[in-house]
Amino acid sequence: MIAIRTLLTLTLLLGVGYPLAVTGLAQLLFPWQANGSQLTNHQQQLIGSALLAQKFERAEYFHSRPSASDFATIGGGASNLGLSSPLRAEFAKEMAKVQDKDPSPAMLTRSASGLDPHLPLDAVLAQVERVAKERGLDPALLTNRVKSVTQAGILGPQVVNILQLNLQLDKDKHA
């Protein structure tokens, strides 16, 4: 009988009470993040989350690093393929595809989750000429724009959220 009472008490406390408390605190202290950090386009349509990368292939957009899951959130994850892997041919193919566009080494490695929306500042700056040309912008002004949205990296270099940067550029185009 004591075991059943303990099980029910702990189930209510840890299975119901704790999740409700954490959810309530998150909603109170960090509402934007707790609700998915949702981003909208210039028409106020939901287009994604600031926490998840999206695939950009057109030349007028800054490109994210490659994704092992092709940016699918279900089953997202790293490939665990290194340059010394027997599957090095996949990396060689990736390098050949990206080399003439974006020579930054960061573009040749995948994010750990396959969904990281951030890219190191040098990898973004390597794309400025292409994006400026395609959008008819002054490269110096676009470089300043990129630097203005740069964030401090957690344990590494400064980073830029590619999705947010591309959305800002689209918003400016439609303004």
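Reader: What makes glutamine 44 stand out in the hairpin of β1 and β2?
Author: Glutamine 44 takes a positive phi near 65° there, and the hairpin has five residues between its strands. Please keep in mind that this is a predicted model, where local features need pLDDT of at least 70, side-chain atom pairs count only at pLDDT 80 or more, and totals for chains, interfaces and linings use all residues. Residues are numbered from 1 along each chain as its sequence is written, and side-chain values use heavy atoms, leaving out hydrogens and water.

Reader: How do you know that β1 and β2 pair?
Author: Two strands pair if DSSP finds at least two bridges between them. Three bridges join β1 (residues 38-40) to β2 (residues 46-49), so the requirement is met; the strands run antiparallel. Glutamine 38, for example, has serine 49 in β2 as its bridge partner.

Reader: Why is glutamine 127 called buried?
Author: Buried means under 20% relative accessible area, exposed over 50%, and partly exposed in between (1.4 Å probe, protein chains only). Glutamine 127 has 0%, so the word buried fits. This residue is found in the loop between α4 (121-125) and α5 (128-135).

Reader: What makes the approach of the glutamine 127 side chain to alanine 123 a polar contact?
Author: The side chain reaches the backbone oxygen of alanine 123 at 3.2 Å. A polar contact is a pair of N or O atoms within 3.5 Å; within protein, one must be able to donate a hydrogen and the other to accept it, and residues adjacent in sequence count only if both atoms are side-chain atoms.

Reader: And why does valine 22 count as partly exposed?
Author: Valine 22, in helix α1 (residues 2-29), has 40% relative accessibility, which lies between the two limits, so partly exposed is the right label.

How values were computed. Helix = DSSP H or I, 4+ residues; strand = E, 2+ residues; numbered from the N terminus.
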